Amino acid sequence: MLLALAPKTLSPFSFLPNPKPNPKNQIPKFATLNQNPVPNSEPIDRKCEYRTERGLKFDTGETFFRHESATGRDLGVLAATLYKKSRGKLRVLDALCGCGIRSLRYLVEAEADFVLANDGNVESRDVITENLRSSGEEEEERWKVTLMDANRIMTECYLNRDFYDLIDIDSFGSDSSFLRSAINALRMDGLLYVTSTDGFSSGGRRPQQTLAAYGAYVRPMPYSNELGLRMLIGGVVRVASVMGYRVTPLFSYYSYHGPVFRVMLRVIRGKLPDSRHYGFISYCRDCGNSHEFSWDELGRISCPCSDSKVSMSLVVSGPLWTGPLHDAAYITDMLTLAKEWGWAGSDTGTDLDKLLNTMVAESDPRLPFGFINLDEVASRAKVNSPALKAVVSALQKEGYAVSRSHIESNALKTNCPMSECIRIAQELQQ
Ligand SMILES: C[S@@+](CC[C@H](N)C(=O)[O-])C[C@H]1O[C@@H](n2cnc3c(N)ncnc32)[C@H](O)[C@@H]1O
Ligand SMILES: [Zn+2]
């Protein structure tokens, strides 16, 4: 029965084995696992490359590994730990685990009760197994390694009612093909950690691609990397709603290494998604202001600067997530935990400390989507780029909400219109 459900050519990766007729497949759970590519072969000499992350030593061998993704792993572990503390249990499915470092960290740091580490690369068994063994436990105790297409393992888990509290999908590009099977294999109220590494798409250079992958037509806008996060969340909203679920982001994280867009979402059973947060975003090249439009405003989209006339200066993207990027309370708890562990705190001066504090600030409900880059303000104001700190205090003095953006260092999130930002920049210049 499972074979009939096997994905056909779900992945472009040639190393993924096509499921072969195998009598063992008749036993559903993990029946296709633990096979060496060449049965009964001698262990093959493999290249070892040892690294350390948060005090854990592991081997990356010849797997795909980026040390720059450590922050994304830190955030995942913090969120997972909070989940375990509040629910008292944590089962993690690391569906594209590479060398297994995430799995090891969920196991050791988040104290997961069980971690299923899966990767499609059948050559990675030894490296993943050795890394997980360094937790001090043997396979089948609190962890297990599988080497399958991610969609296949998640579908098997779903069919076996073997649900997970957290599913980590660390995929490449704008591959949204894992979303449906991940939501199926997720426990009710569980956490889904999704990825996009497609900066071309969020930059508006491949609207057909974003439409296909996330159901959003994305055009070039000044805050394109925030759009990348919103397009990813919107894509999950869309898939989840087909299945009768609602999703809310706990945190959204952009990193320029890659680039990588990562979002941790809580998936809950519910009615149709709140359409207030799933709509269209416009940016006006003339006045520099952005607006949000709901579905019932379609056909009436224009910028106030053009007297409600259709304007060529308007760029519209959507539908995508227009709501908050983070859950302020969750991020605050993550920051508290990070401080407890010595990963953050004013005396640590770590990037993680800065990131979590900026995310807390970005969660101010008065702040709209997008951000304003100070170079754009300067160019519109025809002045030199003002100092960020000076603009922040001027905006605060005038009663506007303002925060830095974790996405762009020279940008601000604010509810102040562009015309006022221009005035402030000009006044600061005098
Ligand atoms: C970005 S890397 C994972 C890195 C790892 N999570 C980490 O934090 O170091 C993506 C991994 O996905 C695996 N992969 C690619 N397509 C896959 C598929 N369809 N199913 C399962 N694994 C796949 C690759 O072998 C690769 O190890
Ligand atoms: Zn305008």
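The following paragraphs lead through the confidence of this predicted model, its strands 3 to 5 and its helix 9.

Confidence is considered before detail. Across the protein, the mean pLDDT is 89, and 88% of the residues reach 70 or more. Residues 1–41 stand apart from this picture, with pLDDT under 50 throughout. For that stretch the model has 44 contacts beyond four places in sequence. Where pLDDT is low, the predicted coordinates should not be read in detail.

Strand 4, which covers residues 114–118, is a useful point of entry to the fold. Of its 5 residues, 4 are buried, so the strand is largely enclosed by the rest of the structure. Strand 3 (residues 91–94) runs parallel to strand 4 and is joined to it by 4 bridges. Within this pairing, valine 92 of strand 3 lies opposite valine 115 of strand 4. The chain passes from strand 3 to strand 4 by way of helix 3 (residues 101–108), in a β-α-β crossover that is right-handed.

Strand 4 also pairs with strand 5 (residues 143–146), again in the parallel sense and over 4 bridges. Here asparagine 118 has threonine 146, in strand 5, as its bridge partner. Helix 4 (residues 125–133) belongs with these two strands to a β-α-β unit, which is right-handed.

Further along the chain, helix 9 comprises 19 residues, 224–242. From its first C-alpha to its last the helix reaches 27 Å, close to the 27 Å expected at 1.5 Å a residue. Helix 9 is mostly covered, with 16 of its 19 residues buried. After this helix comes glycine 244, which has a positive phi, near 85 degrees.

Methods: Residues numbered from 1 in each chain as written. Chains lettered and ligands numbered in written order. Predicted model: local features only at pLDDT ≥ 70, side-chain atom pairs only at ≥ 80, totals over all residues. Buried ≥ 20, exposed ≤ 12 C-beta atoms within 10 Å, placed from the backbone. Pairing = 2+ DSSP bridges. Right-handed = clockwise from strand over helix to strand, strands pointing away. pLDDT = per-residue confidence, 0-100. Contact = placed C-beta atoms within 7 Å. Expected span 1.5 Å × (residues − 1).
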